[in-house]
Structures are given as C-alpha cells and as structure tokens.
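Biologist: I have a model open and want to learn how to read it. Can we take it one feature at a time?

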Amino acid sequence: MDHTKLISDLIRVVGQGAVLYRPEELLVYEADGHTIDKAAPRAIVLPSSTEQVSQVLRYLHQTGIPFVPRGAGTGLSGGSLALENGVVVCTARMRRILEVDIPNLRAVVEPGVANIRLSQEVGHGYAYAPDPSSQAACSIGGNVAENSGGPHCLKHGFTTNHVLGVELVLPEGEVVMLGGKAEEYPGLDLRGFVIGSEGTLGVVTKVMVRLVRVPEAVKTLLAVFDTVDSATRTVSDIIAAGVIPSALEMMDHVVIQAVERSPVAAGYPLDAAAVLLIELDGPPEGFDWEMAQVREICQRHQAREVRVAKDDKERALLWRGRKHAIGAVGALATAFYTQDGVIPRKRLPELLALVADVAKRYQLTIGNVFHAGDGNLHPLIVYDANDGDAPRRVQQAGGEIMAACVAAGGSLSGEHGIGLEKREYMPLLFSGADLAAMAQARAAFNPDGRCNPGKVFPTSTGCGEVGAITKPGVLPAVA
Amino acid sequence: MAVATTSQLAQRLGAIVSARHTLADEAARPYAIDGLVPQAVAFPGSVGELCELLRLAQQDKLAVCPWGGGTEISFGNLPERLDLVIALPRLNQLLDHQPEDLIATAQAGMTLHTFQAHLGVHNQFLPLDPPCPERATLGGMAAASSSGLLRLRYGLPRDLIIRMVVAGAGGTLSASGAKVVKNVAGFDMAKLYVGSLGALGIITEMTFRVRPRPLARRSALARFSQLEAARSMALAVIHSELLPEALEILSPRTLGNEAWGVLALFGGGPEIVAAHAKRFIDRAGAAGAQAAEEVSAGELLLEQARRPDGGVAAVLAQASVPLTGVAPVLAVAEQLGAQQSCTIWSAAHFGSGAVLVAADGPEPALGQLLLALRQSAVGQGGSLVLRRAPEGVKRQVDVWGEVTGGLTVMRRLKENFDPQRILSPGRLAGGL
C-alpha cells in the first residue's frame, strides 16, 4: 500500500503528533532492550485511548498490514521488533492510573503506566507486587505481555498471579474484557492465557491488578562465600529447609568486582567468590526462626561472613549493588549480552561450572548475577564490539548455556521471553505437537498471524509443519 | 443407541483397556452425568490407552467426558450428548517430587489425598483444599478449577500448576510449561485447560508448585449477632498486618448457631501464629463480637466453610465478587431464602471474594432464588455459577450465566481444538 496514504490514514485516526514515520524517528523503534537484532518498522502509532487502538487495528486489518504492540521497549528478547515491516502500536501515551480501589485491593491502569509508578501512587502501605529489575522504566502492559517477575517473585508471585483482568483489543479491532475485579469469571481463563503471550494475541489497553499490603517488616542479609559452589548449595538448602525468602539473589566474582569498582559500590568484599543477598519479609515475630535457619545453613557451607542490614539505609546499600549490577558489568567492555535460563535449583552448582567452562572456551568474560532462589540464571557476557569475531562467539556461548539449561530439566527463559531472540531454540523444549497446540490457540485470537509475526515460534517450521525438531548440537545461530 | 451397538462399543473398548476395565449398559449407570447415562465407561491403565480411546472416539464421533473422582461431575451445563466416559483413577502415579525445588509431578487420576500423603513424607503439601480430598483427583480439581479456603494465601489451581500434559481430541499428547518454578517459555496453555471441564482435551499429568507445611496452625472464631459487624471485622483483618491462610464468614445456619461467624486460620512459625491468633481475638472483642476464641476443633469448622451444607443440599452456587460484594451477596441469599421458602446454608471465602450458597427447596423456587442471587452477584461486579444442581434447576437457570468477555475467542478455541465437538460437548460456559 502507498506509504503516504498509510501515514495520512493513521494520522486521521490518532492525530498529527501521534504517528512517527520519518527515518530518524523510526530509528529508536528499530530495536528494544535486546540490542543484537534490528528491524525497521513502517510507522509508529501512539494511540491515547482504547477506542483509538481499536480503530487503528481495524484499519490495519482491512489493509492487511502486520503490527506489533510495544510498551516501554525495555524487553530483552526482541519481542517488540516490527518484523515484516509492520506498524508499531506503542501504548506509551496511555499512562493513566484510572482507579485505585483500596477496599477491594485493586487498581485499574492503562498499559503505559510504569511499573514503579503504580506502587508509588497507591502508597498508604499498599503496593503492586511484581517488581522486575527494569521497574523504573518498564510498563505494566509490557509486564503483562512478558509475565514479568523480578527479585521478589520468589515469594510473592509473577504478573499472572497479580493481574486479574485485561482489556484486550483483538487483531481485528474488537475490544474484549477478560477477567475483572473478581478472582474468577465464567468461561475459559483467557486472561491467564493472554498474560505472557508476548504481544501475539492483541493489544492490551487496560489492566486490573491486585494490590497487596506492604510486608510488616523486612530483613536483608548479605552472605559472603569463598567458592561459588558453597553459595549455590546454600541456596538449595535454604529452600529445602522450608524458608521462603522474599528474595534470594546471587552475584559472582566478576560482578562483585565490577560493582565495587563502579560509582555504585555497595561494600561487597572484593576478594569474595560469590555473595548472596537474602531478604526475608513478613511479621517480625517470624524472623528469629528464619534467621536462625539461614545463619545455620550459611555457616554449614562455610560462609565467611553474614552481614545483616541494621536499617533501611544499609538495606538500600546492599540492594544498590544488585540493582545496578548489570550496568556495572556492562561498563567493563563496549558491549554485553544477558542470557536468561532456568534450571532446577539443585543443579545450580554444575550449571555455573559449565558457564565458567564456556567462558574459558570462547574466550569471553561472563559474570553471573541472578535470581538464585528461582534457579533463574542471568549470565552476562561482556565483549568487545570492535572484535569482529566476538558476536559469533557470544551467540554460540549463549546457545550452549541455554541448551544446558534445558538438558538439566529447566527452561529457555525465566522472565525475558522467547520473542525473536530464542524462537529457533523452542524445539529444544517443546515437541512439534506442543508447538502445534500453542499455534492453534494463538490462531483463535490472531487468525491471520498479523499480530506480532515472527515471534515465539521457530521459523524453520511453518504453520503446516510445526513438527520439525532441531536436535541439540546443531543449534541454529540466532541472527 | 441400540443395545447391539453398545455391546459392540464395549468390545472395542475392551480391546484397548481390557474387558475388566470397561463398563457398559446397566453397569455404566453410576457414571451418568445430569441423568444422561453413557453407553460405556473405560478405565485406561496408561496414557497410551487413553490416547487410543480418544482416537476411537474421534473415528466414531463419540461424545466423551472425562471422570476423575466424580466429586464435581455435576458442575457444567447439561451435556449435549454423552457416549463414553473416560475414567482416570488408574492413571494415579506420582511421577516426580523434588522437595528441594518445591515441585511435584503426578498423573491426573491420583487423588488429592494420596498426593498430599506423598508430599507429607517431606513435610510439604499442595496448598489446595477442595472438598472430598479422598475422592477428588488432581485432574478433576484442575478441570473443574476447584478450590477451598487456602486460596486466600496460596491461590487457585491456575496459580499452582506449572506444567501440564493434555491428550487432545485425536489422542495427541501436548505439553506446556516446565518443571521449574519460574518459566515464561511458550504459551501458558494450562490456563486454558484449568476450568475447561475437558472441553479442549483431557489432562493426563501436571506439575505443581508445592509448599513447606506450616510449622504451626491455629484457628480462631469470632461470633457476631449481625452480618454487618462480621463483614466489618473481616474487612479490617484483610487490611491489617495479620496474614491468615484463610478467612471465612459463616452464616448462622452453617455455624449451627444464632450468630454469624468470622473464622480465621493462621499458619506459619509458632510465634507468628500465636501472636496473630491473639490479635485476631483482641480485634474481634473491640469490634463487638459476642464471643471470640481459639477453636481446637478448627478442622470441623474449616470443613463447614468448604461445604456449608455438608453436601446435602440440592443446589450449590458459587459467586465470585470483589471483596466489598461479599456481604451484600450473603445478605441477599438470606433474604431470598426467606422469600422463596428455601433453606440456605452460606459461607464466604472472604478475602477471595468467593461466596458459597447451598440451597434446598422446591425446584421452581430454587430457580427463582438462583436467578435473583446471580443478579446480585453481577450487580457487585462479579458472577455466579452453579457448582451442583438437579437437572430441573439447570433447565431453568444457566449453570454459568452470561460470559461477559471473549466468547468469540472461546468459540474459536473450541473449534480449533475440538472441531467434531466430541469433548464434553455443551458443558462449558457459552454452550461450548
């Protein structure tokens, strides 16, 4: 279709300032937090209401143009890239908090609301629980698409446990309300299916969330270890002992070094092999027992030191290093790449040994900062962007780590999603029949596949033959 | 269907699962659903046999309903057709339990009670407590999305199932999720199957997130002369620092008393549990309770909250409303009971907005009562479904009520997954 006509038609729906189409404007939207891949969109639409989203999607349906929903663009798997030269439908301007209903412990927000803003505005001892590391920037709509977690999801759950209703505009323009303020509604749980579907089923235009009371008290500990192995064994044993910390995060030597040499130094011992950041929350009466358990387990695994934050200031300091760890590691070189795999907790020691081995073999620096309590690894691969061969080695190293996670009984992604980045690896985890069932379900929402094409499903297999299995060892490179 | 056909079918089923594990004709009568007796019942002994049965059903276009323990089999619209019941009690193996990972995998036909016994060896439990755990199976609980009181703290089946394997209409197995507590790879297919009453496929295997057993548990009961005072107490507890595992309001008839009860279950470390039970009692005193005390026979009261009528009433309705809608629905239920001369037992899982109303009376009166009660729940921003009702009542009152959002998508899902309409046809909301 004629580009000029497309732009003027879109402007007619959403207004002059809400369509971006000049090459320099499109540049920002060529990639998201996953910086390795790029795709040029045809145009960006920034609707400001459900009605506008619906009109835009109806128009794109009539004209047969593919599109992709986008929130804040912080996603780490390339999920918001406009493949097939599609139109980006960005919800960044839909950022009103529509209702805070404290008696019912609910809030209703537009998808562009930044995660952190919701808890800040609710206040009064109530919060929205999921807190992904990017919470200052990422949007609730994006969280719904990715079923985001965060350090505290270990105890408090994921987006799917805290979002009770979504208003969805289907790819053909119909607006549907799935779920609502109550916990259950008659019929299939389409709400639950939409959460984590990576923007492949439509555009979410309203989100009803559960609010929770902020925990009565919080205790934060730092445990310091001389070997990675003893730190990971501590993680397994804490969970096995029946203690469920609200967060259980690990950083290894590479990360500690990077953090301590950066402006956000948190006071982690420079020579430690690993540190665990352990947070307990709940009624203060429970802390004695839990603290005793945690201390005993840390000591059993030869923790060099267990430091307890005395006040909020010390607690914030301990967390500062964790929250800025990725940035600090990133500053070590000109480029970095974050992997995201999950394994059963007890397999942590061997997987971390494998990561170290991979780093050596591919001559890469890999730091580990991750949600240890969930078994969710985030190897950070830093490399020199000017080294022509490095991206290839990074991809291969990442692929090897991912395959090892699946082989250990884990998963390809704990929170970043499959998106574009990992679609070719899906056959490692799912059979042709598994993927065919998922494709059938997607087709009920998105019959012609125009909504976020090219994501989640492997390209090696078209709709008709979602059966081909890629064998481990012959992994395709993710371009 | 002619008798000859039935016995022919029984023979073919017998070839798959052996004659010993097949029932037909009169013997199939106990497996009637809403009065509709199936031609035959088959008890597959392996997932392979189950898939074979589904292939046979597809060839012959036989309408199939899965059957777990039968505890929730009355949940659903009147079946459009029913030829074959596939009963799962023989698929009852524990496949995996990783205590240090807090996950466990079992086949769908295992009873909840047996699953809990396995987990209990490692001092863990599945925090789901629907009624009749000795008979209720894991698969049935998921397919009917049954829950109990503990949902306040731990969530619904949909929140605790992290991997699921399903046999689809043609007998094809497909899996989703992974055996790890955190995972976003692929679509969350389990969300579609939970609560689907077998309309998209038959669940064969599930991996659950499990929990350490609380070190201690205590329950406390406060009695109030008025519902309004009970409501106000319960709301205050939900918004307080107290963290009950369950918080219930019981109607006077349910409690077997003149008063409305607010029942709290506390679980966790012994110090927390003791402190919170005490604070609950103190609060109740300040809120004007007639009496408030710890109850030693807590389990009995908890059972009353799960099954207010003890399972005797003809009808069991469940409303799901926002918190502030709970008390109004309870009040309307009492009024309607009096108006329609029906006996009402009610209980609410207060913090979860779930109101159970059991009712006995003449069928036309029950129908009137349910329609009015549904109107009240919908008016509160929620809905009302019939978990159990006689056929006569189901003819008067739709089991599900109106599906407010996404019916078009649900219909397309049904078409895509079951184009021949042989899986639990008609039972799901919207006539799916």
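Modeller: We will go through the contact between the chains, then the sheets and a hairpin. Keep in mind that this is a predicted model.

Biologist: How many residues does each chain bring to the contact?

Modeller: Chain A brings 80 residues and chain B brings 73. Together they bury about 6,200 Å², with 60% of that on carbon and sulfur atoms. On the chain B side, Lys182(B), Val184(B) and Phe187(B) supply 15% of the area buried against chain A, more than any other three residues.

Biologist: How many salt bridges are there between chain B and chain A?

Modeller: A salt bridge here needs a side-chain nitrogen of Lys or Arg within 4 Å of a carboxyl oxygen of Asp or Glu. Seven are counted between chain B and chain A. Glu184(A) and Arg151(B) form a salt bridge through their side chains, at 3.2 Å from N to O. For polar contacts, the count is 22 residue pairs between the two chains, with both residues at pLDDT 80 or more.

Biologist: Which element gives the largest share of the side of chain B that touches chain A?

Modeller: Helix α15 of chain B, residues 407-417, gives seven residues. Sorted by class, that side of chain B has 33 nonpolar, 24 polar and 16 charged residues.

Biologist: Now the sheets. What holds the strands of a sheet together?

Modeller: Strands pair through backbone hydrogen bonds, either parallel or antiparallel. Take the seven-stranded open sheet of chain A. Its order is β15-β12-β14-β13-β18-β20-β16, and the pairing is antiparallel.

Biologist: Why is one side of β15 and of β16 in chain A left without a neighbour in the sheet?

Modeller: β15 (305-308) and β16 (335-338) of chain A are the edge strands, and each has a single partner strand, so one side of each has no neighbour in the sheet. From one strand to the next, the twist averages 20 degrees.

Biologist: How many bridges join β12(A) to β15(A)?

Modeller: Four, and the two strands run antiparallel; β12(A) covers residues 217-225. Across this pair, Val224(A) stands opposite Glu305(A) in β15(A). Helix α12 of chain A, residues 312-323, packs on the sheet. The strands that α12 touches are β12, β13, β14, β15 and β18 of chain A, and its direction makes about 55 degrees with that of β12(A).

Biologist: What is the strand order in the five-stranded open sheet of chain B?

Modeller: The order is β5-β6-β10-β8-β9, with antiparallel pairing. At the edges are β5 (94-98) and β9 (173-177) of chain B, which each pair on one side only. Neighbouring strands are turned by 10 degrees against each other on average, direction ignored. Between β5(B) and β6(B) there are four bridges, in antiparallel register. His97(B) stands opposite Ala104(B) in β6(B).

Biologist: Which strands does helix α2 of chain B lie across?

Modeller: Helix α2 (residues 47-60) lies across β6, β8, β9 and β10 of chain B, and runs at about 140 degrees to β10(B). Helix α3 of chain B, residues 112-120, lies across β5, β6 and β10 at about 35 degrees to β5(B).

Biologist: One last feature, the hairpin. How many residues lie between β8(A) and β9(A)?

Modeller: Five residues, and Gly173(A) in the turn has a positive phi of about 105 degrees. The two strands run antiparallel and are joined by five bridges. Val166(A) has Leu178(A) in β9(A) as its bridge partner.

How values were computed: Residues are numbered from 1 along each chain as its sequence is written. Chains are lettered from A and ligands numbered from 1 in the order in which they are written. This is a predicted model: local features need pLDDT of at least 70, side-chain atom pairs count only at pLDDT 80 or more; totals for chains, interfaces and linings use all residues. Side-chain values use heavy atoms; hydrogens and water are left out. Contact means heavy atoms within 4.5 Å. Buried area is the accessible area (1.4 Å probe) that two parts lose on being put together, summed over both. A polar contact is a pair of N or O atoms within 3.5 Å; within protein, one must be able to donate a hydrogen and the other to accept it, and residues adjacent in sequence count only if both atoms are side-chain atoms. Ala, Val, Leu, Ile, Met, Phe, Trp, Tyr, Cys and Pro count as nonpolar, Asp, Glu, Lys and Arg as charged, and the others, Gly among them, as polar. Two strands pair if DSSP finds at least two bridges between them. Axes are lines fitted to C-alpha atoms, for helices over the stretch in contact, and angles run from 0 to 180 degrees between N-to-C directions.
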